Amino acid sequence: QVHLEESGGGLVPPGGSLRLSCVCSGGTCDNKAMAWFRQAPRKDREFVSAVTWTGRSKYYSDSVRGRFIISKDNDKNTLYLQMNDMDSEDTAVYYCAAASTQWVTGKYDYWGQGTQVTVSS
C-alpha cells in the first residue's frame, strides 16, 4: 500500500518562496503520475499541478503557472513543488496525490495527509 507524506509547509511572507516535498513509501511511485492539490478555508479542493511518471510532462493550473514548479525524483521516490512569488491566495493545505497510472488522467488513488502553507506578513 502506497503511503504519501508531505513536508515543507509553513509561514512565508508575500513574495516569498517555499518548497514542498512528498515522500512515497510502502510501494514505489516511480511508475505513477503524481500531483499536488490544495484546499483553502471554506473552499473546495483544487488542482495545482501534475506530472507524468517520468517527470517529463508537467501540468499547471492557471493560478500557479509561471510561479510554481513541479518535479519528480524517482531515485528518491519524492515529489516536489517549488512555490515562488507567493501571495495570500496561495494559503491552503497542500496535498500530494499519486495515480495508479503512468499518465495524468485526473484520477488519483493515493493521498497524503496534507501540509499547511500560510502566506502572510
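This is a short tour of the disulfides in a predicted model.

**Getting started**

Open the model in your viewer and show the cysteine side chains as sticks. A disulfide is a covalent bond between the sulfur atoms of two cysteines. You are looking for two of these links in this structure.

**Stop one: C22 and C96**

Select C22 and C96 together. A disulfide joins these cysteines, with 2.0 Å from S to S. Now colour the strands and trace the chain on either side of the bond. C22 lies in strand β3, residues 18-25, while C96 belongs to strand β9, residues 92-98. The two cysteines are 74 residues apart, and their bond links distant parts of the chain.

Next, turn the view until you can look along the S-S bond. Which hand does this disulfide have? The torsion about the bond of C22 and C96 is about -75 degrees, so the disulfide is left-handed.

Try switching on a surface, too. Is C22 buried or exposed? Its relative accessibility is 0%, so C22 counts as buried. C96 is also buried, with a relative accessible area of 0%.

**Stop two: C24 and C29**

Move your selection to C24 and C29. Here a disulfide joins C24 to C29, and the S to S distance is 2.0 Å. Look along this bond as before: the link has 70 degrees about S-S and is right-handed. With the surface on, you can check that both C24 and C29 are buried.

**Last stop: the two links together**

Finally, select the four cysteines from both stops. How do the disulfides pair up when bonded cysteines are counted along the chain? They follow the pattern 1-4, 2-3.

How values were computed. Residues are numbered from 1 along each chain as its sequence is written. This is a predicted model: local features need pLDDT of at least 70, side-chain atom pairs count only at pLDDT 80 or more; totals for chains, interfaces and linings use all residues. Side-chain values use heavy atoms; hydrogens and water are left out. A disulfide is a pair of cysteine sulfur atoms within 2.5 Å. Helices (H or I, at least four residues) and strands (E, at least two) are DSSP runs, numbered from the N terminus. Buried means under 20% relative accessible area, exposed over 50%, partly exposed in between (1.4 Å probe, protein chains only).
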